Amino acid sequence: SFAIGIILMAVMWMGRNIPEKRDLHWLRHLGGMAKDGGHIPAKKFNAGQKLIFWSAILGGALMVVSGVTLMFPYYWATLGTLSWAMLIHAIIGLLLIAIFIGHIYIGTVGMQGAFWAMWGGQVDRNWAKEHHEIWLDQIEGRTGGTYK
């Protein structure tokens with residue numbers, strides 16, 4: 001079921017999470033935290049959200065491959081391969097736990113309005129303008145300004 005969840009996430013959200021050149025600008029300024037003047041314009045998913053997505057997809061895929069290898073020992077793996085699979089599985093698991101704890105923090109108490117946006121699936125116009133200005137321009141039918 002974990003593998004099915006990873007596949008469903010990839011199918012549902014991969015198209016909107018392809019990295020773009022403007023994501024480098026977002027990352028360089030940490031989404032606006034390292035820049036005077038507020039947030040960096042973003043589409044529906046900003047570079048931070050894309051990093052979380054790709055961590056889940058790629059990390060999840062590694063967890064599935066290493067987990068299946070460990071579930072069926074010696075079918076295609078030697079003792080050395082199984083040792084590596086166990087190490088990779090543990091390291092990726094710990095990294096994903098750390099990433100998701102950080103994501104949960106930002107989505108609950110770390111950013112005003114983020115929890116209710118996730119809970120209800122809607123944001124008000126002001127929140128969208130502040131955090132995802134390009135996306136707001138797209139849904140309101142504007143082409144937007146000059147975004148990097």
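## His132 and its surroundings

In this predicted model, His132 sits in the loop that lies between helix α6, residues 125-131, and helix α7. His132 has a relative accessible area of 5%, and because buried means under 20% relative accessible area, this residue counts as buried.

Which residues does His132 touch, once those up to four places away in sequence are set aside? The contacts of His132 are Ala42, Lys43, Lys44, Phe45, Asn46, Gln49 and Trp127.

## Glu133 and the helix after the loop

Glu133 belongs to helix α7, which covers residues 133-139. With a relative accessibility of 23%, Glu133 counts as partly exposed, whereas His132 is buried.

How far apart are Glu133 and Trp76 in sequence and in space? The two residues are separated by 57 residues along the sequence, and their C-alpha atoms lie 50 Å from each other.

## Tyr74 in another loop

Tyr74 is placed in the loop between α3, which runs over residues 47-71, and α4, which runs over residues 79-110. Although Tyr74 is not a glycine, the residue has a positive phi of about 70°.

Is Tyr74 buried or exposed? The relative accessible area of Tyr74 is 55%, and since exposed means over 50%, Tyr74 counts as exposed.

## The chain as a whole

The chain contains 7 helices and 0 strands, so that, read along the sequence, its pattern is α-α-α-α-α-α-α. Along its principal axes, the C-alpha trace spans about 60 × 30 × 30 Å. The radius of gyration of the chain is 19 Å, while a compact globule of 148 residues would have one near 15 Å.

Among the contacts in the chain with a separation of 6 or more, 56% are between residues 24 or more positions apart.

## Burial, surface and charge

Of the 148 residues in the chain, 29% are buried, and His132, with its relative accessible area of 5%, is one of the buried residues. The chain exposes about 10,200 Å², and 69% of this area is supplied by carbon and sulfur atoms.

How many positive and how many negative side chains does the chain have? There are 12 positive side chains and 8 negative ones, and the centres of these two sets lie 6 Å apart.

Note on methods: Residues are numbered from 1 along each chain as its sequence is written. This is a predicted model: local features need pLDDT of at least 70, side-chain atom pairs count only at pLDDT 80 or more; totals for chains, interfaces and linings use all residues. Side-chain values use heavy atoms; hydrogens and water are left out. Helices (H or I, at least four residues) and strands (E, at least two) are DSSP runs, numbered from the N terminus. The radius of gyration is taken over C-alpha atoms; the globule rule is 2.2 Å times the number of residues to the power 0.38. Buried means under 20% relative accessible area, exposed over 50%, partly exposed in between (1.4 Å probe, protein chains only). Contact means heavy atoms within 4.5 Å. Accessible areas come from the Shrake-Rupley method with a 1.4 Å probe; for residues, only the protein chains shown count as cover. Lys and Arg count as positive and Asp and Glu as negative; His and the chain ends are not counted. The place of a charge is taken as NZ of Lys, CZ of Arg, CG of Asp or CD of Glu.
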